[in-house]
Each structure stands twice: as structure tokens, then as C-alpha cells.
Amino acid sequence: MSKLLEKFKLGGNSYRTFIAVLIVSFGGAIIYGLPYFRYDFYDVYLETYNLTNTQMGVFGSVLGVFGMISYLFGGVVADKFSTRIILTVSLIGTGIGGLIHLLPLSYHALVGLYAFWGISSLFAFWPACIKAVRILTDSGDQGKAFGFFEGGRGIAAALMTLFAVISFRIGAGRMEDQQLGMRYVIIFYSFLTIFIGIITYFTVKKEDSIKSEEISFKGIKEVLKMPAVWIISFVTFSNYVFTQSLYYFTPYSTNFFAASVTFAATLASARRWFSLIGSIGGGIVTDKIGTGKMLLTSFLVMIVGTAGILLLPLTGSSLMIFTVIFIIIFIFYNVNYAMTWAMLDEGAIPVKYSGTAAGVISTIGYLPEIFCSVLAGILIDQNPGVTGYRYYFIFLIAMLSMGVVLVIIWNKYLKKQKALGEIKNG
């Protein structure tokens, strides 16, 4: 095992580094199970809690608003305090929120719960993860490092979603009691999140709990002066529109390709296994050809694939073709998601500002969380049938096209900076 990891060369003690990155990545997947599981059981969640598509979208917007505030200041916190404590408190707090979800909550109480999750799962947690991966690995191996990070998240998410589907089926039972099935899913996610929080505390060592005493809120001002941060932020924005749109492929398959709820939820689990190809494979290729070329290819594949799904006949016989195209899109989406963070190193952003930069990038890049789910909900509610989905997917293609333009700008920026000697060649 150690010899195999040495070949991947993540820097320092490869075995120890791999384990540390894997632990952080698992936590980075599991913490988002509760805030986002509603999408994997979209139709059932709507029925169980008597919600409209627009109300479902509001939950995403609430997460987005609180996340935007959290990311900005959470990045600085991630640069100042113990990574281990940040990860532990975030995970356990999010799990406790899941137990609260088991209570008979009204729509407004659910809004409050999603606001809480917007802080517990998004505040300093994500910037702390990004900084940990950067510092644990060498500069020339950032593509592989973030590939392993996202690959680990993919494995954790796949297993987590698979067991959530099993929990739902056990809860629903032969009587098809979907409300009970939903409670089983919530119980599963809640205890898993709390358990991982405890494991993280005892596994992530103090020496991995990176902090930079020199960094203060003035660091935000310094980071905002960096052109690379702005470009990365808007590349992240374009890709995150797809992240938020990803969940609408599930109801699209159930409503127009005759997929069952179980098939759709199982696909949601299975697709995450394919993220390994995009994250790890994409990371290895990216370290050889650069992030720009890899991101450009991925955006183009996602555009063509989404357009292809829109052109499929709305019959049950199209389900398998839809599944294949969706998996291909998802693989390249994972390339983008992982390699966007490798741009930090390629853009020569100082390591000491990693958490702050990740916070600023996340604040701008994750803005789609505020409006995408509400926009999709409104379009689907106001345009019954396939029309609302088509309008939304056309919007998605436009945002992915913006990503292509931004990557071209990034490549020109790197070329200019290398010519000035501000970024090392190779």
C-alpha cells in the first residue's frame, strides 16, 4: 500500500498524508448528507412535508444566503484556529440538526433548520478542508491531492446514499409508508454525521490542525487584490450552477423517462462511484496538462451532454440513454469540481492565505445556491410538464458556456503572469 501511494507522490509521508486527506474528504462528504438529501428523494420529500417546488427551492436559497455570509468570515477563522476542532464541531452540530428534523416541524421551522445547517456545515468547515489539503501535500501535486480529496468524498457520498436508500426501503416497508421511510433516512444521516465528527476528533492529529496566527480579517483585503482569486471565483460560480442543477435530473428522469423513485435514488448513489474517475483520473491528467485545458474540456462535454438530454424522446425507452449521458456529464463535472481548487496553486496564491482565499472564492462561487433552486422551482411550478425543466436546462447551458469563456481568460492570465515571471513555468 505504501509503495503504491509513493507512486502517486502526494508529498512527505505519502501513507500518512493519504490517510489524513481521506479522513478530511470523508467528513467533507458526510456533512452535506443532511442539508442535501432532500434532492435524492425529491418527490417523496415534497409529499412527506406537503411542499411546493418553490418552497423546496427556498431551502436551497436559505442555505445559500447563510453560506455566503459564513464562507467569507469562515475562511479567516479557518486560517486562525484548529482544523480538528472546526471539523469536529461542524459535523456534530450538523448531526444534531438532523435529530431536530425528526420533530413535527412546520415549513417555517424547516426554513430555520436549513438556516442553521447553512452555518454548521458551511461556516469554517469547507475553507478548513481546502487549506488542510493544500498544506498536507506538495505544490506540484495539487491536482492529484484534490483529485484524491474529491474521490474520497465521492466514495463516502456513494456509500452514504446507498445506505440511505436501504434505510428508506426498510422504513417504508411493504405498506409503502413513505413518511416512515423518510424518518429512517434522517435518523441514518444524523447518527452517521455525529459518529464521523467523533472519529475526526480522535483521528486528525494536532499537527494536522493548521493555523496561522498572523492572519486576520485584513487578509480578506489582501486576497481581494489578487486577480486569480476573482477568476477562480467566477469559474467556481459557473460550475456550481451545475452543482445546484444536478438534483433536477432526478425528478426529470422519474417524470419523463418513467424511472422509479428507487431507481432515481440508486442512480444518485451509483453516480458518485463514477466521480472517482473524474476526480482522481482528472487530477493525474491535470498535473500533466494544466488546469486550463482540463477545465475547458470538461465544460464543453457538460454543455454537449446537457443539450443531448434535452433532445431525447420523452419515453421510457430513453431511460438507459439518459443514464449513460448523465454519468458521462457527472464524470467531467467532478473533474471541474476538484480541479477548480488546484487553480489556487497554479495561480500562485500564497499558502498562508489558503483558508481566506477559499472563503472568498466560496462566497462568490457558491452564490448560485441562493437563486438556482428557487429559479428552478418557479420555472417548474409555473410551466407544467417538461417545459419548465427545458427552460431551466437552457439556463444551465448558458452558465456552462460562461465557464468556457472564463477558462479562456484564465489561460491568458497565466500566460501573461508567466511572461512577467510571477508564476513559475512548468
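Start by selecting Y32 and F125 in this predicted model: Y32 is buried, and F125 is buried too. A search of the whole structure turns up 32 aromatic pairs. Y32 and F125 make one of them, an edge-to-face pair with 6.3 Å between centres and 85 degrees between the planes. Trace the chain from either ring and you will see that this pair links distant parts of it: Y32 sits in the loop between α2 (14-30) and α3, F125 belongs to helix α8 (residues 125-136), and 93 residues separate them.

Next, select F59 and Y107. Their aromatic pair is tilted, at 5.8 Å centre to centre and 40 degrees between the planes. F59 is in helix α5 (residues 53-80) and Y107 in helix α7 (residues 107-120), so this pair ties together parts 48 residues apart in sequence. Are the two rings buried or partly exposed? F59 has 0% relative accessibility and therefore counts as buried, while Y107, at 23%, counts as partly exposed because the cut-off for buried is under 20%.

Stay with α7 and add helix α6 (residues 83-101) to the view. These helices pack at an angle of about 170 degrees, and their axes are 9 Å apart. Angles over 145 degrees count as roughly antiparallel, so that is how α6 and α7 run relative to each other. To see where they meet, show S90, G93, T94, G97, G98 and H101 on the α6 side, and L110, L113, Y114, F116, W117 and S120 on the α7 side.

A short detour takes you to R84 and Y201. Here the charged end of R84 sits over the ring of Y201, 4.5 Å from the ring centre.

Now for helix α3 (residues 33-40). How many of its eight residues are buried? Eight of the eight are, so α3 is largely enclosed by the rest of the structure. Select G33, L34, P35, Y36, F37, R38, Y39 and D40 to view these buried residues.

Finish in the largest nonpolar core, which has 123 residues. F41, W126 and F322 are the residues with the most contacts inside this core. Helix α19 (residues 386-420) gives the most to the core, contributing 15 residues.

For a last close-up, centre on W126. Leaving aside neighbours within four places in sequence, W126 is in contact with Y32, Y71, F149, E150, R153, Y337, W341, S362 and Y366. Among these partners is Y32, the buried residue where the tour began.

Definitions and conventions
Residues are numbered from 1 along each chain as its sequence is written. This is a predicted model: local features need pLDDT of at least 70, side-chain atom pairs count only at pLDDT 80 or more; totals for chains, interfaces and linings use all residues. Side-chain values use heavy atoms; hydrogens and water are left out. Buried means under 20% relative accessible area, exposed over 50%, partly exposed in between (1.4 Å probe, protein chains only). Helices (H or I, at least four residues) and strands (E, at least two) are DSSP runs, numbered from the N terminus. Rings of Phe, Tyr and Trp (its six-membered ring) pair if their centres lie within 6.5 Å; planes under 30 degrees apart count as stacked, over 60 as edge-to-face and the rest as tilted. A charge sits over a ring if NZ of Lys or CZ of Arg is within 6 Å of the ring centre and within 35 degrees of the ring normal. A nonpolar core is a set of buried Ala, Val, Leu, Ile, Met, Phe, Trp, Tyr and Cys residues joined through side-chain atoms within 4.5 Å. Contact means heavy atoms within 4.5 Å. Axes are lines fitted to C-alpha atoms, for helices over the stretch in contact, and angles run from 0 to 180 degrees between N-to-C directions. Angles under 35 degrees count as roughly parallel, over 145 as roughly antiparallel, 65 to 115 as roughly perpendicular and the rest as oblique.
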